Each structure stands twice: as structure tokens, then as C-alpha cells.
Amino acid sequence: MTAPGASHAAYGQASRALGTPRSIEYQVFAQVNGRLSAASGPEGTFPQLADALWENQRLWTALITDLAQTENALPEALRGQLISLGAFVMNHTRRVVAREAEVGPLVDINAAVMRGLRTRADAADPAA
């Protein structure tokens, strides 16, 4: 097997071990949301919160970038709604960093997206 062929085979094995694209997206949202919740709790510090907010913005930037691609298979209306939600997340994050807003709406939005990912994954997998 050639080097590129070996790397593709290894990537495929790792990808199957991680799960479906939807389950991977869910896991990423869950991890980021857990960090946001912990950092905004009584034991959290502002530097931890800033780091969690930055991770959340990275996640939403990647999501918005993917949604803006014409190859994205989601319905156009849903893509537009999620892009608008991402714009809200970006704006609200700036307000949280400026200490003008609370983190709660960001956690709630991520949780709603997670529910949507879980519902779509369950609908796609009759065994789920």
C-alpha cells in the first residue's frame, strides 16, 4: 500500500471509531458547552471563561463556514437560520467578554443545537 493509501485507510478507521458526523458534531458541542458551563459557574475564573468563549466561537465559525458552502446538504432555510444564530452567538460573546451579558443564552443555544443533532441522528438510525 502506498503512503497516501495507508493514511486514507488509517483515517477511515479512526473516523469509524469516532462515530457518525452527527455524533461527532454532538460530542464537540457537548465538550464546548461543558467548558462554558463550568467556566461560568461559581468555581470558574474569567480567564477560563474567556478560553471557553473562544472555543465556542471557533466552533461556531467552523459551523458557519460549513453552512455557507453550496455543497452543504441541509435545506437552505435551515442553513440560513443557523447562520443567523451563529451571528447572534458571535455578537453575544462580545457582550459577555465585555461583561455586559451572561453566558446562559450561549449555553442554551448550544444545548438546542445538540438536541437537534441528537434528534436528526436518531431519525437517521432506526436502531437508536
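User: Where is Tyr26, and what makes it buried, exposed or partly exposed?

Analyst: Tyr26 lies in helix 2; helices here are DSSP runs of H or I with at least four residues, strands are runs of E with at least two, and both are numbered from the N terminus. Buried means under 20% relative accessible area, exposed over 50% and partly exposed in between, with a 1.4 Å probe and protein chains only. Tyr26 comes in at 23%, so it counts as partly exposed. In space, its C-alpha is 8.6 Å from that of Arg115, although the two are 89 residues apart in sequence. Keep in mind that this is a predicted model: local features need pLDDT of at least 70 and side-chain atom pairs count only at pLDDT 80 or more, while totals for chains, interfaces and linings use all residues. Residues are numbered from 1 along each chain as its sequence is written, and side-chain values use heavy atoms, with hydrogens and water left out.

User: What pattern does the chain follow, and how many helices and strands does it have?

Analyst: Reading along the sequence you get α-α-α-α-α, from five helices and zero strands. Of its 128 residues, 26% count as buried.

User: How do you know what span helix 2 should have?

Analyst: The expected span is 1.5 Å times one less than the number of residues. With 20 residues, helix 2 should cover 28 Å, and its end C-alpha atoms sit 29 Å apart, so the two agree.

User: Which residues of helix 2 are buried, and why say that they line one face?

Analyst: The buried ones are Phe29, Val32, Asn33, Leu36 and Ala39. Looking down the axis of helix 2, they fall within an arc of 125°, so they line one face; that arc is taken over the directions from the helix axis to the C-beta atoms. On the face turned away from this buried side you find the exposed residues Gln31 and Ala38.

User: What does the same check give for helix 3?

Analyst: Its 22 residues should span 32 Å, and the end C-alpha atoms are 31 Å apart, which agrees. Buried in helix 3 are Leu49, Ala52, Leu53, Asn56, Leu59, Trp60, Leu63 and Leu67. Seen down the axis of helix 3, these residues stay within an arc of 120°, so they too line one face.

User: Why is Asn110 called buried, and what does its side chain touch?

Analyst: Asn110 is in helix 5. Its relative accessibility is 0%, so it is called buried. Its side chain makes a polar contact of 3.2 Å with that of Asn33. Another, at 2.7 Å, joins it to the side chain of Asn56. Asn56 lies in helix 3 and is also buried, at 0%. To be called a polar contact, a pair of N or O atoms must be within 3.5 Å; within protein, one must be able to donate a hydrogen and the other to accept it, and sequence neighbours count only if both atoms are side-chain atoms.

User: What makes the largest pocket a pocket, and which residues lie nearest its centre?

Analyst: On a 1 Å grid over the protein atoms alone, a pocket is an open set of points with protein on both sides within 12 Å along at least five of seven lines, and lining residues have an atom within 4 Å of a point. This one holds about 460 Å³ of space. Among its 19 lining residues, Arg22, Glu25, Leu63, Leu74 and Leu117 lie nearest the centre. Helices 2, 3, 4 and 5 each supply at least two residues of that lining, which by class has 13 nonpolar, two polar and four charged residues.

User: What makes the phi of Arg99 worth a look?

Analyst: Most residues other than glycine have a negative phi. Arg99 is not a glycine, yet its phi is positive, about 65°. Arg99 sits in the loop between helix 4 and helix 5, and with a relative accessible area of 60% it is exposed.

User: Why is Gly80 called buried, exposed or partly exposed?

Analyst: Gly80, found in helix 4, has a relative accessible area of 34%, so partly exposed is the right label.

Technical notes. 1 Å grid on protein atoms, 1.4 Å probe; cavity = no way out; pocket = protein on both sides within 12 Å on 5 of 7 lines; lining within 4 Å. Points joined across faces, edges and corners; volume = space filled by probe spheres on them. Nonpolar A, V, L, I, M, F, W, Y, C, P; charged D, E, K, R; others polar.
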